[in-house]
Amino acid sequence: MRFEAVGAGALVELLAVAVGATIPLPRSVRVSAALALLGVGLAGGYVAGWFAGGNWRDGLRHGLLAGAIGGVALAVVLGYTMATPGSEVGALWGMNYLIATGGIPLWLAAYDAQLGIALPLLAGIIVALEGAIAGGASGTVSVEPP
């Protein structure tokens, strides 16, 4: 395991989450920025897999670990913004907007305390899986013909 590769991928994801949580955005681009932030695992996983080198399995492991770190950070920040009104100004406002207007069934919306845990957890899992897929796809070992 090359921890510098995992660190490079996680750094990409952590920077994206920090920017998404702190930089104010115009209302017209907040939802698009939220969807881009949800796809940050692809960038971090690709960086981790590329720096790790090796075959697709090495890239997958490194991308999964980097994606898990970024996914935990996104889940914590998203959970905080869901519980603290007025704290979101950028891409996380777009995520909260999508969650609030996404057509949540009434039987599930009654459990709003659980939504503050389940939906950030789901976002973190999505980022981790994206990291694994992108890390596996970025394997740098080539096959030489005989």
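1. Of the 146 residues in the chain, 36% count as buried. The model under review is a predicted one, and the points below should be read on that basis.

2. Regarding secondary structure, the chain contains 7 helices and 0 strands. Read from the N terminus, the order of elements is α-α-α-α-α-α-α. Among contacts with a separation of 6 or more, 81% join residues that lie 24 or more positions apart.

3. The interior deserves attention next. The largest nonpolar core comprises 12 residues, namely Val17, Ala34, Leu37, Val40, Leu74, Leu78, Ala91, Leu92, Met95, Ile99, Ala123 and Val127. At least two residues of this core come from each of helix 2 (30-38), helix 4, helix 5 (91-101) and helix 7 (112-137). Helix 5 makes the greatest contribution, with 4 residues. As general background, nonpolar side chains in soluble globular proteins tend to be buried together.

4. Val17 offers a detailed view of one core member. With neighbours within four places in sequence left aside, Val17 is in contact with Leu37, Gly70, Ala73, Leu74 and Val77. Of these partners, Leu37 and Leu74 are listed in the largest nonpolar core along with Val17.

5. The surface is considered here. The chain exposes about 8100 Å², and carbon and sulfur atoms supply 73% of that area. A nonpolar patch on the surface is formed by Met1, Phe3, Leu14, Leu65 and Ile69, which together have about 470 Å² of accessible area. Helix 1 (3-22) and helix 4 (56-83) are the elements that give two or more residues to this patch.

6. Is Ile69, a member of the patch, buried, partly exposed or exposed? Ile69 is located in helix 4. Its relative accessible area is 36%, and because buried means under 20% and exposed means over 50%, Ile69 is classed as partly exposed. Helix 4 thus appears in two settings: it gives two or more residues to the surface patch, and it supplies at least two residues to the largest nonpolar core.

7. On aromatic geometry, the structure holds 1 aromatic pair. The ring centres of Trp50 and Phe51 are 5.1 Å apart and the ring planes stand at 70°, so the pair is edge-to-face; the cut-off for that class is over 60 degrees. How accessible are the two partners, Trp50 and Phe51? Trp50 counts as partly exposed, at 47% relative accessibility. Phe51, with a relative accessible area of 40%, is likewise partly exposed.

Definitions and conventions:
Residues numbered from 1 in each chain as written. Predicted model: local features only at pLDDT ≥ 70, side-chain atom pairs only at ≥ 80, totals over all residues. Heavy atoms only, no water. Patch = residues over 30% accessible without salt bridge, like charges linked within 9 Å, V, L, I, M, F, W, Y side chains within 5 Å. Areas by Shrake-Rupley, 256 points an atom, 1.4 Å probe, with all protein chains shown as cover. Salt bridge = Lys/Arg side-chain N within 4 Å of Asp/Glu carboxyl O. Buried < 20%, exposed > 50% of the residue type's maximum accessible area, 1.4 Å probe, protein only. Contact = heavy atoms within 4.5 Å. Core = buried A, V, L, I, M, F, W, Y, C linked by side-chain atoms within 4.5 Å. Phe/Tyr/Trp six-rings, centres within 6.5 Å; stacked < 30°, edge-to-face > 60°.
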